[in-house]
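Here are my notes for you on this one. Have the viewer open while you read, and click along as you go.

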2 protein chains.
Amino acid sequence: MKELALLSLAALLAAAAPEKKPAPGEIAAAAPASDWADIAADDLLVMTLAPDPKGKPRQVLIQLMPPPLSEGWVGNIHALAKAHWWDGLSVYRVQDNYVTQWGDADGDDPKKAKPLPDGLKTVPESGYALKSPTHRVCDGGNCRRAPEPVTATLKAVSRDAYAPGVGFGHGWPLAFDDQGVVWPTHCYGMVGVARDLSPSTGTGAELYTVISHAPRHLDRNIALVGRVVEGMAELSSLPRGAGSLGVYEKPDERTPILSVRLASELPAAEQPHLQYLSTESATFARYAEAVANRRDPFFIAPAGGADLCNVRVPVRRRP
Amino acid sequence: MKELALLSLAALLAAAAPEKKPAPGEIAAAAPASDWADIAADDLLVMTLAPDPKGKPRQVLIQLMPPPLSEGWVGNIHALAKAHWWDGLSVYRVQDNYVTQWGDADGDDPKKAKPLPDGLKTVPESGYALKSPTHRVCDGGNCRRAPEPVTATLKAVSRDAYAPGVGFGHGWPLAFDDQGVVWPTHCYGMVGVARDLSPSTGTGAELYTVISHAPRHLDRNIALVGRVVEGMAELSSLPRGAGSLGVYEKPDERTPILSVRLASELPAAEQPHLQYLSTESATFARYAEAVANRRDPFFIAPAGGADLCNVRVPVRRRP
């Protein structure tokens, strides 16, 4: 009884003078080591750009999506990286409030295009989404059925303009419908496969990242293969292209790519080691709740909800 | 009867082989002149930045919000512009996937801060939102009550993570609740008033624009006063700051502001003339529907809905 009474008093006091709570970043920073998942060296691309105009080195790290999502394209990207195909190519398109794109700027010109390595797959359009067995996913008392690999459907992140359901699975923001179809989503920093008109689905040679408000209308229209987990500013702050769709008009405006390597191909001492906050952890659920209801000192009106793309999965260097 | 039969046949054919439809931009471009609304010279700020590193001039145009939204802060901004207060100050903060901010980089240092002009108002926090009479707003057969100045609640733009209702009014993206409270929203390119901790609401001297996925959790926590309608890339593509919250660590990283003027104070020949697509027009409703259901040639899977911030109100130079 005493404990109950104390609890009630504490609850009363909290209601009378709501305590300021930690910011989402503080919650993530306080997560136990067991809540952080390693990004495997075989799932990490290391893109080295030419130094910036002031001579500062530029490196971008991209985490590739795990199977079975976008598996065909991710396989092609492994092959392209192992062939060192991107070395000497460039970032050739930056369209404001949309995407930064890289690969072969001459790819559309049969006379000048760089030959692709052998063995790349042509992936069908059906690969943009996945029909998957559903299972029961709960957030506290709130349960619903969702297709695998969705593992977290958070009450705080439930109203979405583009899909009946949204959530997370193994670190990735996902959307799904009521027929068990699931697909990755075009959030800021996600990496996708540029393509020509349908039925082209792209190979994975020409890639882009989202530098804008999430263009979710691209979901299920283009393959997503990963996300930038470090160095995003190197791609988002480039000068915008003045040509059609943000393509640079002059070759000297492009940013040269020195190399793209799978981290697993680098000498052990050069391999970056990153971790993401497990979206299956209790810490992540608290983090998402705090994103949806900011009560850290700056805020006076918690929103009561959050957009899927604003619940950014925390990533850090392995301590 | 003949006409009906023809219509049915056409509908059948359309269902069998869905016709590719115009892209949202094509719909806007085809709007009659009467659907475009002029932006008054007194509602337009002209910010001239120092030329870029290659010597290219940089100009940013900002449309101010009409009363009664954020009226107190917009009044202060008029006074600051007329006092030429921003001349010689700088863009001093660029935080990736968040905001670019400008004003007095030394504003927090009482010894170095530039004095503000007399007569600026201190606006209460209640000014972040507006309690307003509701009226009936319809999209085709779908009607609902919404507070003024919401004039367009579009079925295609109805599911929102942050508010019970969203829509447009006189060119602005707005959110509202069921108690008749309405507020502007932090979409890409919107301009807001930086502030200290509550109860500070800021004066309007320190401004920022959103260069990211919409940080809608800032809605009703900070005043919004306008939006960038031309030259957004000059602010979104600046190098990110390495200091806390993206503040530049060295003064020479800042971008100097040469001048900020109300267009109405410029000589007639120098006044830019811009127009926005009236959000009350039938064209805008068709434009929003096309944003939510892309059927132009690139797309294979229309989304069936759109986020408020992805229905960007078209703006053009007056022909």
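The points below go from the two chains together to single strands and then to one residue.

1. **Before you start.** Keep in mind that this is a predicted model. Everything below is computed from it, so treat the numbers as a description of a prediction.

2. **How the two chains are related.** Try laying chain B on chain A: a turn of 180 degrees with a shift of 0.0 Å along the axis does it, and the RMSD is 0.0 Å. That is the relation of a two-fold axis. Both copies use the same surface, too, since 100% of the contact residues of chain B recur in chain A.

3. **The interface.** How many residues of chain B are in contact with chain A? There are 46, and they meet 46 residues of chain A. The size of an interface is often given as the accessible area lost when the parts come together. Here the area buried between chain B and chain A is about 4,000 Å², and carbon and sulfur atoms give 53% of that. If you want residues to click on in chain B, go for R159(B), H213(B) and F298(B): these lose the most area to chain A, together 19% of what that side buries. Don't go hunting for salt bridges across the interface of chain B and chain A, though, as the rule finds zero.

4. **Strand β4 in chain A.** Is β4(A), residues 90-94, largely enclosed or not? Count the buried residues: five of the five are buried, so the strand is largely enclosed by the rest of the structure. Now look at what β4(A) pairs with. Strand β5 of chain A, residues 99-103, runs antiparallel to β4(A) and is joined to it by four bridges. One pair to find is S90(A) with its bridge partner G103(A) in β5(A). Between these two strands the hairpin has four residues, and there N97(A) takes a positive phi near 55 degrees. β4(A) also pairs with strand β15 of chain A, residues 255-262, in the antiparallel sense over two bridges. In that pairing, V91(A) has T255(A) as its bridge partner.

5. **Strand β15 in chain B.** Hop over to chain B for this one. Six of the eight residues of β15(B), residues 255-262, are buried, so this strand is largely enclosed by the rest of the structure. Strand β2 of chain B, residues 44-49, pairs with β15(B) in the antiparallel sense over five bridges. There, V46(B) has R261(B) as its bridge partner. Strand β4 of chain B, residues 90-94, pairs with β15(B) in the antiparallel sense as well, over two bridges. S90(B) stands opposite P256(B) in that strand β15(B).

6. **A three-stranded sheet.** Back in chain A, look for the open sheet with the order β1-β16-β17, where the pairing is antiparallel. Which strands are at the edges? They are β1 (36-38) and β17 (315-317) of chain A, and each pairs on one side only. On average, neighbouring strands of this sheet are turned by 35 degrees against each other, direction ignored. β1(A) is joined to β16(A), residues 274-277, by three bridges, and D38(A) stands opposite Q275(A) in β16(A).

7. **One residue to finish.** Zoom in on T48(A), found in strand β2 of chain A. At 24% relative accessibility, T48(A) counts as partly exposed. T48(A) and R58(A) are 10 residues apart in sequence, and their C-alpha atoms are 6.0 Å apart in space. Leaving out residues up to four places away in sequence, T48(A) touches R58(A), Q59(A), I257(A), L258(A) and S259(A).

Notes: Residues numbered from 1 in each chain as written. Chains lettered and ligands numbered in written order. Predicted model: local features only at pLDDT ≥ 70, side-chain atom pairs only at ≥ 80, totals over all residues. Heavy atoms only, no water. Buried < 20%, exposed > 50% of the residue type's maximum accessible area, 1.4 Å probe, protein only. Pairing = 2+ DSSP bridges. Least-squares fit on C-alpha atoms with pLDDT ≥ 70 in both. Contact = heavy atoms within 4.5 Å. Axes fitted to C-alpha atoms, helices over the stretch in contact; angles between N-to-C directions. Buried area = accessible area lost by both parts, 1.4 Å probe. Salt bridge = Lys/Arg side-chain N within 4 Å of Asp/Glu carboxyl O.
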